[in-house]
Amino acid sequence: MIGKIRYLLGLVLLTAVSAQAQNIQFEEYELDNGLHVILHQDNSTPIVTVSVLYHVGSKNEPPGRTGFAHFFEHLMFEGSPNIKRGEYFKIIQAAGGTLNANTSNDRTYYYETLPSNQLELGLYMESERMLHAKIDSTGIATQKEVVKEEKRSGVDNRPYGTILIEMLKNAYGGTNYEWAPIGSFEDIDAATDQDFVDFYETFYVPNNATLTIAGDIDKKEAKKLVEMYFGEIKRGTKDIPRPSITAPKLDGTVEATVFDNIQVPAVIQGYRMPPQGTEDYYALQMLTQLLSGGQSSRFQKELVDEKGMALAVQSIPLALEDGGLFINFALPNQGYETEDLAKEVDKLIEEVKTTPIPEREFQKLKNQIENNFVSGYGSVQSIAESLANYHVYFDDTQLINTEIERYRKVTREDLMRVAKKYFVPENKVELTYRPKAEQAKPEDSKLKKEGGNR
């Protein structure tokens, strides 16, 4: 009886969430120089986010120049002829704001969140960055050391920190998704100052950028400020490379062992995914939630709670513009081997392929997906980033209100279909992470010859 009541409550909640029409209002237009502008007015709180998304990520880097997009994430804070070196953060923080940036395989994103009376400051700072960022020997040398330290602490010396690097290398070899955004020290060190200038002049131009302003604004005044600070920036004249990514053929599962600075071994499986925004992509996103979304997920219940084989098991979808990876990360519990845990993960994957998900579990899954979707827009900062992403990746900014319908169209049959299509050996990379202390043991010599070691 209790179970039935919970099920009915779940249906009620699902209906309530479904009835909520996502209604984020926005206006968008383009300047003559190609800059795309999106305005979202929300006067409920006196804050505003100013962001610029440049459609350049590690995918756009030529071989031999990997790491450039991520390097520019740092270099673009060096200042301009009007902003002294090292002052960018100080100016924003002194005005009561916060700021940051991030880089992916497909784009680079900068933002400031400020008191709304500082909107003009945010626009000024971003326009300075776009118009004439300081790209010189001093800044380049400084940021080389910053990026190297970030790689040492965040990748080389971080447990399992090389997973993305190893996964992309094995899953997308021979394409521009082969390398992670962090890139390589060798490529950055080998680059000349002119190489950096050329990269800046190619990608950091208005016609490769989306400016989003979200928060406590008056749209008429915001438009005047946008024109004042960005209208006279000249359109870029160089061709912007857009590499086409086709996943290479794999002759069965690619297996590799990586010896790392870890105490607990791990098994990481990666299945290549279709590009974000495709029908199959949404079904795979839902499978992520089914397998590892919370304490009642299948991985958690079966492998952690019931069998006690795993310390943790997590599905992590890496969504990319031209592909992606459905990653399963599993840590074996004491007394269990990675091989045994990998087999159990495979069994649960096989179950999704062969057995329809029960209706009750499917309704619960839809409930979770919709709740996550609606609650994901709790700040003007998250709204600003989503608006920019939808425009750049899908050329459909209105998806911020309607994308949930794409999830709603996914059926139980779709979940089985995509599992059968993508969770196959010919689409799979499996990495086994083991402590470096084991690397020198004679019994591991065979593993060392198989590749994938660091």
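Which residues in helix 10 meet which residues in helix 11? In this predicted model, L290, L291 and S292 of helix 10 are in contact with R298, F299 and Q300 of helix 11. By character, the residues of this contact between helix 10 and helix 11 comprise 3 nonpolar, 2 polar and 1 charged. Helix 10 covers residues 279–292 and helix 11 covers residues 298–306. Their axes approach to within 4 Å and cross at roughly 30 degrees. Because angles under 35 degrees count as roughly parallel, helix 10 is described as roughly parallel to helix 11.

A step back to the whole chain helps to place this pair of helices. The protein chain is divided into domain 1, residues 26–231, and domain 2, residues 254–438. The centres of domain 1 and domain 2, taken over C-alpha atoms, are separated by 28 Å. To the contact between them, domain 1 contributes 40 residues and domain 2 contributes 40 residues.

The UniProt record offers another way of reading the chain. An unreviewed entry there places the feature "domain: Peptidase M16 N-terminal" at residues 37–170. Over residues 37–170, helix accounts for 43% of the chain and strand for 20%, with the end C-alpha atoms 38 Å apart. UniProt, again in an unreviewed entry, lists "domain: Peptidase M16 C-terminal" at residues 192–368. Residues 192–368 are 41% helix and 24% strand, and the end C-alpha atoms of this span lie 50 Å apart.

Attention can now turn to a sheet and its strands. Five strands, in the order 7-11-8-10-9, form an open sheet with mixed pairing. Strand 7 (254–260) and strand 9 (310–320) stand at the edges; each has a single partner strand, so one side of each is left without a neighbour in the sheet. On average, neighbouring strands of this sheet are turned by 15 degrees against each other, direction ignored.

At one of these edges, strand 9 pairs with strand 10 (residues 323–332) in the antiparallel sense, over 10 bridges. Within this pairing, A310 stands opposite P332 of strand 10. Helix 11 returns to the picture here, as it packs on the sheet and touches both strand 9 and strand 10. The direction of helix 11 makes about 155 degrees with that of strand 9. Helix 11 thus has two sets of neighbours: helix 10, met through R298, F299 and Q300, and the sheet, touched at strand 9 and strand 10.

Notes
Residues are numbered from 1 along each chain as its sequence is written. This is a predicted model: local features need pLDDT of at least 70, side-chain atom pairs count only at pLDDT 80 or more; totals for chains, interfaces and linings use all residues. Side-chain values use heavy atoms; hydrogens and water are left out. UniProt positions are given in the numbering used here, feature names are shortened, and annotations may be inferred rather than shown by experiment. Axes are lines fitted to C-alpha atoms, for helices over the stretch in contact, and angles run from 0 to 180 degrees between N-to-C directions. Angles under 35 degrees count as roughly parallel, over 145 as roughly antiparallel, 65 to 115 as roughly perpendicular and the rest as oblique. Contact means heavy atoms within 4.5 Å. Ala, Val, Leu, Ile, Met, Phe, Trp, Tyr, Cys and Pro count as nonpolar, Asp, Glu, Lys and Arg as charged, and the others, Gly among them, as polar. Two strands pair if DSSP finds at least two bridges between them. Domain bounds come from an automatic or database domain assignment.
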